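User: I would like to go through the reasoning behind some of the labels used for this model. Please set each value against its cut-off.

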Amino acid sequence: MNLLLNDDKNFAKGTISFPATKRFDVLVAGGGLAGFAAAVSAARNGASVCLIERTQTIGGTATAGLMNLFYAPYNGLTGIGKELFERLVAKKAAIPDETVPFDIEQCTLEMFDMLQEAGVRLLLDTWVVDVIRDNADIAGVCTLNKSGFSAILACRIVDASGDGDVCAAADYAYMMGRESDQMMRPMTLLFSIGGIDVNRLVSYVQENPSQFAPDPNQCIVNMELGELRIFGFFDLVRKARENGDLDDTFHYFRIESIFADKGIGTVNTIRIYKVDGTSGDDISAAVISARKQQKQLLKFMRSYIPGLENCYLLTSAQSIGVRDSRRIVGEYKMTEDDITDQVVFTDCIGIGKNRQVLGFKGEGHSPDGGEGSEKDTVIREAIADYVEYQIPYRILIPKDSKRILVAGKIVSCDIMANKHLRNQPPCMITGEAAGAAAALSVSSGVNVGDIDIRRLQVMLGIDPTLI
Ligand SMILES: Cc1cc2nc3c(=O)[nH]c(=O)nc-3n(C[C@H](O)[C@H](O)[C@H](O)COP(=O)(O)OP(=O)(O)OC[C@H]3O[C@@H](n4cnc5c(N)ncnc54)[C@H](O)[C@@H]3O)c2cc1C
């Protein structure tokens, strides 16, 4: 099948026809942590499930993006997230601490196992490129992979694409960036290094406390558990900037998920501002800029940081990390006040628990830049504290949606609530809930907004005394 060029600018997309080869109860678009949890949950609740993922792996930002730090205390984990990390801890592939660094390859293997055990049909290397409508609503998606275009039909769809691609194609409303100017948090190409002299690095951190973020939960040196997370090196970065060895973007150096016994860690320091993760051009430009920053950082680490003199580039993320993207306008828009006021929701589908800066509503990744600079009170001064909050079901339902739910970092909330909800643990909570709700919606033959919430809560093991 070829596309016809109508004139110099347009081709005829409306006339494409291709076979609808498959039909499922629940289709999950995107196999990040949210989509993984949604697919497992829907399948365990009796639905036939297809999980469609554009890469050849599972885990999204957490694995292909190299973001191997599950940001919640291990003893506060619930549901499928708890199950996954218990499996990893049993294999010594995750550190059960206040946050949970994990081994990316082991995590990936475990997720593949759990999907197979649940009976999920996995379609990898496949993009969801559009939606298909019937007379009533959205009836499936159009996909593209090595076999070409095809149509996959489903009773319910969970959009876990991290960008709201399905919802955007279905014309559901969405928001982007902060409310005042739509500016988004910076992107980061994460990369891992090996060859860390951990003892030398730790000595430097302990001998120069003023050079590091004061928050003991952000800057962690726990040699007993073998966990290291280090934010700062303020003076060394300033000196490198003054010497022309680092450009003006850099104000601090951050390395985390250091596994002390292996001498490897993940560098989370690249910052690319004013780019949009839903623009192909912006992503390409961001990756090119990120590679330039990466070269500078490698030189900086070897020349300036005690303990990193012999470090080497182990691997780079397959995809640049996009912190902000579309957030769907849902039946309810969660706010940061809901979180800090610990609002009780009758449609609660899970409890988020993480450390965040309270008291002043800090943003650790301001779109304005200057992250880690003298003016950045979040990194330079703040001490984070635990916050525990209920997550309502309605933030998973795009406004007026009958058959589509969302999960993960795209749920309906303001930009500051997104600071919490975009973390991996809540992404798994909303994924698990969306999968169970989609299965329930199919089995009870009602729209996603009309399911029996109490039944959903029982399926999710929500403690009724909380509500
Ligand atoms: C640099 C960075 C650092 C972070 N640090 C932390 C941290 O320390 N701790 C923490 O808990 N969280 C952290 N986060 C946040 C967290 O990792 C992510 O928000 C979370 O993993 C998002 O999960 P998700 O499943 O919603 O989306 P994603 O991980 O983005 O997954 C979406 C999946 O959908 C696929 N996909 C996208 N579009 C399509 C399509 N059209 N068709 C088919 N497949 C598609 C993608 O390939 C991907 O696999 C960080 C994020 C970034 C970017």
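User: How many bridges join strand 11 to strand 12?

Analyst: This is a predicted model. In it, three bridges join strand 11 to strand 12 (residues 227–232), and the two run antiparallel. One bridge sets Asn222 opposite Glu227 in strand 12. Pairing requires at least two bridges, so strands 11 and 12, with three, count as paired.

User: What makes strand 11 and strand 15 edge strands?

Analyst: The open sheet has six strands in the order 11-12-13-14-10-15, with antiparallel pairing. Strand 11 (220–222) and strand 15 (312–316) each pair on one side only, and these are the edge strands. From one strand to the next, the twist averages 25 degrees.

User: How do you know that strand 17 and strand 18 pair?

Analyst: Eight bridges join strand 17 to strand 18 (residues 385–392), and the two run antiparallel. The requirement is at least two bridges, so the strands pair. Among the partners, Cys348 is matched with Pro392 in strand 18.

User: What makes strand 17 mostly covered?

Analyst: Strand 17 covers residues 348–356, and seven of its nine residues are buried. Buried here requires 20 or more other C-beta atoms within 10 Å.

User: Is Tyr273 buried, exposed or partly exposed, and why?

Analyst: Tyr273 has 19 other C-beta atoms within 10 Å. Buried needs 20 or more and exposed 12 or fewer, so Tyr273 falls in between and is partly exposed. Tyr273 is found in the loop between strand 14 (264–267) and helix 7 (280–304). From Tyr273 to Thr346 the separation is 73 residues in sequence and 39 Å in space, C-alpha to C-alpha.

User: Why is helix 1 called roughly parallel to helix 3?

Analyst: Helix 1 and helix 3 (residues 104–118) pack at an angle of about 25 degrees, and their axes are 9 Å apart. Angles under 35 degrees count as roughly parallel, so helix 1 is roughly parallel to helix 3. Helix 1 passes helix 3 in a left-handed crossing.

User: Which helix supplies the largest share of the shell around the ligand?

Analyst: Helix 1 does, with three residues. Helix 1 (33–44), strand 3 (69–70), strand 6 (127–133) and helix 11 (424–443) each supply at least two.

User: Which residues come nearest to the ligand, and how does the shell divide?

Analyst: Of the 37 residues around the ligand, Gly30, Gly32, Gly60, Gly162 and Gly408 come nearest. The shell divides into 15 nonpolar, 15 polar and seven charged residues. Gly counts as polar, so these five nearest residues fall in the polar group.

Methods
Residues numbered from 1 in each chain as written. Predicted model: local features only at pLDDT ≥ 70, side-chain atom pairs only at ≥ 80, totals over all residues. Near = placed C-beta within 6 Å. Helix = DSSP H or I, 4+ residues; strand = E, 2+ residues; numbered from the N terminus. Axes fitted to C-alpha atoms, helices over the stretch in contact; angles between N-to-C directions. Parallel < 35°, antiparallel > 145°, perpendicular 65-115°, else oblique. Left-handed = near helix turned anticlockwise from the far one by under 90°.
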